[in-house]
Amino acid sequence: EALFVVAIREGIRQGEILALHWRDVDLEAGTIAVTGSLPQVGGPDRSVTSPKSRQSRRSVALFPETVDALRDHRARQLQERLLVGSMWQDGDLVFCTEFGGFLSPQVLRDRLKAILDRAGLPRIRFHDLRHSAATNWLKGDMHPKVASERLGHASVAITLDLYSHVTLGMQREAVAAITRKRSGR
């Protein structure tokens, strides 16, 4: 659950989520430091690489729901770790297999598909969760520059180009608000 909360609330890329280590999470401060990415392809010996761009290496302030989900996840993970004992591979990963290793992107896609099917929702790509996050931020009046930094985009122009459908709606709302103000309504 926490993995999907991180994706849909915080807009972090799939590879960044799969590479996330507990040392990068500060639940007290409510932040995640995005410091790496797990490539889409590769075998069990995959390793974390640098994020997509210089701007992709970033700190993200977490929504309270995300902090709660990560706290619950951490407690469950510690219990699971005790159950597997010496078979645990301690890679300090936040989201991992039942033995502590890297999750594969395919497992993530399969889990998302199963969740959507159970809920009777249309199938979407994992990356669409990131788009949903950004769309919700912008509709919720998050400044585009802040959204751009949270997404790790190289510039706010990229964010505005990708989410112009949202910003057009924001423009219409702004025009309507100014019109109401001028007319005294």
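**Overall fold, cores and helix packing**

The chain has eight helices and three strands, as seen in a predicted model. Going along the sequence, these elements come in the order α-α-β-β-β-α-α-α-α-α-α. To get a feel for the dimensions, picture a box of roughly 70 × 40 × 35 Å, taken along the principal axes, which the C-alpha atoms of the chain fill. The chain has 185 residues, and 40% of them count as buried. Contacts also link parts of the chain that are far from each other in sequence: among contacts between residues at least 6 apart, 58% join residues at least 24 apart. For one example of spacing, take Pro105 and Leu160, which are 55 residues apart in sequence and 28 Å apart in space, going from C-alpha to C-alpha.

Next comes the inside of the structure. The largest nonpolar core is built from 30 residues. Leu3, Ile17, Val25, Ile32, Leu70, Phe95 and Phe126 are the ones with the most contacts inside this core. Two or more residues come from each of helix 1 (2–10), helix 2 (14–18), strand 2 (31–34), helix 3 (64–84) and helix 4 (105–119). Helix 1 gives the most, with six residues. There is also a second, separate core of eight residues, and Ala133, Ala134, Leu138 and Leu151 are among them.

Leu70 is a handy residue to click on when exploring the bigger picture. Leaving out residues up to four places away in sequence, Leu70 touches Ala2, Val6, Trp22, Val25, Leu27, Ile32, Leu62, Val94 and Phe95. Three of those names are already familiar, as Val25, Ile32 and Phe95 are listed with Leu70 among the residues with the most contacts inside the largest core.

Helix 1 deserves a paragraph of its own. Seven of its nine residues are buried, so helix 1 is largely enclosed by the rest of the structure. The buried ones are Ala2, Leu3, Phe4, Val5, Val6, Ala7 and Glu10. Right after helix 1 comes Gly11, with a positive phi near 70°.

What does helix 1 pack against? One partner is helix 3, at an angle of about 160° and with the two axes 9 Å apart. Because angles over 145 degrees count as roughly antiparallel, helix 1 is described as roughly antiparallel to helix 3. The crossing of these two helices is left-handed. On the helix 1 side, the residues involved are Ala2, Val5, Val6, Arg9 and Glu10, and they meet Glu65, Thr66, Ala69, Leu70 and His73 in helix 3.

Another partner is helix 5 (residues 127–139), whose axis is 6 Å from that of helix 1, with an angle of about 45° between them. That angle makes helix 1 oblique to helix 5. Here Phe4, Ala7, Ile8, Arg9 and Glu10 of helix 1 meet Leu129, Arg130, Ser132, Ala133 and Trp137 of helix 5. Arg9 and Glu10 appear in the meeting with helix 3 and again in the one with helix 5.

Arg9 and Glu10 turn up once more around Arg150, a residue of helix 6 (residues 144–151). Is Arg150 buried or exposed? With a relative accessibility of 8%, Arg150 counts as buried, because the cut-off for buried is under 20%. The Arg150 side chain reaches the backbone oxygen of Ala61 at 2.6 Å. Not counting residues up to four places away in sequence, Arg150 touches Arg9, Glu10, Arg58, Val60, Ala61, Phe63, Trp137 and Met142. Another buried residue is Pro105, with a relative accessible area of 2%; Pro105 lies in helix 4.

Finally, a look at the backbone. Most residues other than glycine have a negative phi. Asp92 has a positive phi of about 65° even though it is not a glycine. Asp92 is in the loop between helix 3 and helix 4, and with 24% relative accessibility it counts as partly exposed. Asp141, also not a glycine, has a positive phi near 75°. The place to find Asp141 is the loop between helix 5 and helix 6, where this residue is exposed, with a relative accessible area of 65%.

Note on methods: Residues numbered from 1 in each chain as written. Predicted model: local features only at pLDDT ≥ 70, side-chain atom pairs only at ≥ 80, totals over all residues. Heavy atoms only, no water. Core = buried A, V, L, I, M, F, W, Y, C linked by side-chain atoms within 4.5 Å. Buried < 20%, exposed > 50% of the residue type's maximum accessible area, 1.4 Å probe, protein only. Helix = DSSP H or I, 4+ residues; strand = E, 2+ residues; numbered from the N terminus. Contact = heavy atoms within 4.5 Å. Polar contact = N/O pair within 3.5 Å; in protein donor to acceptor, adjacent residues only side chain to side chain. Axes fitted to C-alpha atoms, helices over the stretch in contact; angles between N-to-C directions. Parallel < 35°, antiparallel > 145°, perpendicular 65-115°, else oblique. Left-handed = near helix turned anticlockwise from the far one by under 90°.
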